[in-house]
Amino acid sequence: MSDNDTLQRFLFEHTPIRGEVIHLDATWQAILERHDYPPLIRDILGEMMAAAILLAATLKLHGRLVIQLQGSGPITLMVVECVNAHELRGLAHWQDLPESGNLQSLAGNGTLTITLEPSEDQERYQSIVELRGDTLADAIMNYLQQSEQLDTHIWLAANEERAGGVLLQKLPASGETEDSDAWNRVIQLSNTITREEMLELPQLQLLHRLYHEEQVRVFEPLPVCFRCSCSRERVVNMLRSLGPDEVRSILEEQGNVNVACEFCNQKYDFDSVDVEQIFAVDVAPQTSKSKH
Ligand SMILES: [Zn+2]
């Protein structure tokens, strides 16, 4: 059975430790088809995609989780959004890329921001930390440590075919712990994981390879996909917020207004009639439909 585009949750029996392993395949290819990313940028973006889904899944988040890296260059911006813990999109901006480099050298003095926007009535949560770490996994673990989250370890990898990762988290112990050494032991076992294993081994085989001496229980695998939340309606709202003068001047300069979604490359075109319609709404009498 294929475990492409699948999140596999698991736990270690009789311990407060749970984990997840992710493979992104078509989800990842959907990103790569839309933008031509140099390998250095591509692999970090892929790792960020894997990280976003792993974090959203631990939170069982209904709503949006956004990881944003802002750098002082060559990487200037990298954003990944995960909706309802199974839909992903992402993008990266860069300039003057060197031949090689690690995350810290590519992003310079940067920041890492994680935003949670639950769709229910819970509060929005955002935390920003200084970017620190040679790899994205290091930077994310540094973030989690600073924002006093649960003990969490994360391993990430990406190439042109696939993005993948593993996450382990220690929940607050409930009562007496039968196996107080378990956390250190599974972290040590997990630290032997290689990039190739994360990208090439089937998930259950990977779990067996790492934890065959532990009692691991796996859950039902969950599907993950690429999805962009852009729409013509959202672009119209964006144009409205720019105001009629600004948009009409773009129209005058370029003949029509073309907006491309940065995430998925979908093009939205507006000619002069469209533009007048967008702003005509403002002066049209409001027909109120009240909901009770
Ligand atoms: Zn889009």
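Here is a short chat about how the terms used for this predicted model are justified.

Reader: How do you know what to trust and how to count here?
Author: It's a predicted model, where local features need pLDDT of at least 70, side-chain atom pairs count only at pLDDT 80 or more, and totals for chains, interfaces and linings use all residues. Residues are numbered from 1 along each chain as its sequence is written.

Reader: What makes domain 1 and domain 2 domains?
Author: The bounds come from an automatic or database domain assignment. For the protein chain that assignment gives 6–226 as domain 1 and 232–283 as domain 2. Their C-alpha centres lie 36 Å apart.

Reader: What makes a stretch count among the helices and strands of the protein chain?
Author: Both are DSSP runs, numbered from the N terminus: H or I over at least four residues for a helix, E over at least two for a strand. The protein chain has 10 helices and 14 strands.

Reader: Why are β3 and β6 said to pair?
Author: Pairing takes at least two bridges found by DSSP. Strand β3 (residues 63–70) and strand β6 (residues 111–118) have eight, in the antiparallel sense, so they pair by that rule. One of the partnerships is Ile 67 with Ile 114 in β6.

Reader: And what makes β3 and β4 a pair?
Author: Seven bridges join β3 to strand β4 (residues 75–83), again running antiparallel. Arg 64 has Val 83 as its bridge partner in β4. Their hairpin has four residues between the strands, and Gly 73 there takes a positive phi near 100 degrees.

Reader: Why is Trp 28 called buried?
Author: Buried means 20 or more other C-beta atoms within 10 Å of the residue's own, exposed means 12 or fewer, and partly exposed is in between, with C-beta atoms placed from the backbone. In helix α1 (residues 26–34), Thr 27, Trp 28 and Ile 31 are the buried ones. They sit on the same side of α1 because they cover an arc of only 100 degrees around the axis, taken from the directions from the helix axis to the C-beta atoms. Exposed Ala 26 and Glu 33 are on the face turned away from that buried side.

Reader: What makes the largest nonpolar core a core?
Author: A core is a set of buried Ala, Val, Leu, Ile, Met, Phe, Trp, Tyr and Cys residues joined through C-beta atoms within 7 Å. The largest has 62 residues, and Met 49 is among those with the most contacts inside it. Helix α2 (residues 39–59) gives the most to this core, with 12 residues.
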